[in-house]
Amino acid sequence: MNLLRCDHVHLITANVEETVRWYCRFFGATITFEGSFRGSTVRYLAMGGMNFIVFGALAGEAAPRPGTTGPKYGVDHLGLAVCDLDAAVAELRAGGVRVLEGPLEVRPGLRIAYVEGPDQIRIELSERT
């Protein structure tokens, strides 16, 4: 088997343009592709060395239901590394982003906080020392 690496994260959203603006504003994402796929607007984002694909419901599909902020089967949250957790949380909070939990130390050398992204996606911010 070839060595695997993460190629992309795929986000389905109720509002593509609003979600793209949010990730660009708060996490410095840049748009690398704009197009459409099966009736939905599609945006590709580059963020922190990863690719994010953002689009809404496809033609003929029911609209996705918003995520939940609690545990669930499947993907629970998106994890992003930051250098200064306190500064990152303060900046996000000042921008109106809802902080769900933390900052807190989960073990020596690891502090985390959870914030809420578009469509109630939980985003974990991690600071490793």
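Pro 103 sits in strand β6, which covers residues 99–107. Strands here are DSSP runs of E with at least two residues, helices are runs of H or I with at least four, and both are numbered from the N terminus. A cis peptide bond links Pro 103 to Gly 102, with omega at about 10°. The model is a predicted one, so local features need pLDDT of at least 70 and side-chain atom pairs count only at pLDDT 80 or more, while totals for chains, interfaces and linings use all residues. Residues are numbered from 1 along each chain as its sequence is written, and side-chain values use heavy atoms, with hydrogens and water left out.

Stepping back to the whole chain, there are two helices and eight strands. Reading along the sequence gives the pattern β-α-β-β-β-β-α-β-β-β. The chain has 129 residues, and 33% of them count as buried; buried means under 20% relative accessible area, exposed means over 50%, and partly exposed is in between (1.4 Å probe, protein chains only). The accessible surface of the chain adds up to about 8200 Å², and carbon and sulfur atoms hold 53% of that. These areas come from the Shrake-Rupley method with a 1.4 Å probe, and for residues only the protein chains shown count as cover. Contacts (heavy atoms within 4.5 Å) also say something about the fold: of those between residues at least 6 apart in sequence, 47% join residues at least 24 apart.

Next comes the inside of the chain. A nonpolar core is a set of buried Ala, Val, Leu, Ile, Met, Phe, Trp, Tyr and Cys residues joined through side-chain atoms within 4.5 Å. The largest one has 24 residues, and Tyr 23, Phe 27, Ile 123 and Leu 125 have the most contacts inside it. Two or more residues each come from α1, β3 (40–47), β4 (50–55), β5 (78–81), α2 (85–94), β7 (110–116) and β8 (122–128). Helix α1 is the top contributor to this core, with six residues.

Phe 27 is worth following a bit further. Leaving aside neighbours within four places in sequence, Phe 27 is in contact with Trp 22, Met 47, Leu 80, Leu 92, Ile 123 and Leu 125. Phe 27 also turns up at the second largest pocket, where Phe 27, Leu 80, Ala 81, Val 82 and Leu 125 lie nearest the centre among 14 lining residues. The elements giving two or more residues to that lining are α1, β5 and α2. The volume of this pocket is about 260 Å³. On a 1 Å grid over the protein atoms alone, a pocket is an open set of points where a 1.4 Å probe fits, with protein on both sides within 12 Å along at least five of seven lines, and lining residues have an atom within 4 Å of a point. Grid points are joined across faces, edges and corners, and the volume is the space filled by probe spheres set on the points.

Helix α1 (residues 16–27) also holds Thr 19. Thr 19 counts as buried because its relative accessible area is 4%. Its side chain reaches the backbone oxygen of Asn 15 at 3.0 Å. Once neighbours within four places in sequence are set aside, Thr 19 is in contact with Thr 13, Val 54, Pro 118 and Asp 119. Cys 24 is in α1 too, but this residue is partly exposed, at 25% relative accessible area. With the same kind of neighbours left out (those within four places in sequence), Cys 24 is in contact with Ala 29, Ile 31 and Leu 45. The C-alpha atoms of Cys 24 and Met 47 are 8.5 Å apart, with their positions 23 residues apart along the chain.Over in strand β3, Ser 40 counts as buried at 5% relative accessibility. The side chain of Ser 40 reaches the backbone nitrogen of Gly 56 at 2.9 Å. Finally, the loop between β7 and β8 is home to Asp 119 and Gln 120. Asp 119 is not a glycine, yet has a positive phi of about 60°; Gln 120 has a positive phi near 60°. Asp 119 counts as partly exposed at 23% relative accessibility, and so does Gln 120 at 35%.

Terms used: A polar contact is a pair of N or O atoms within 3.5 Å; within protein, one must be able to donate a hydrogen and the other to accept it, and residues adjacent in sequence count only if both atoms are side-chain atoms.
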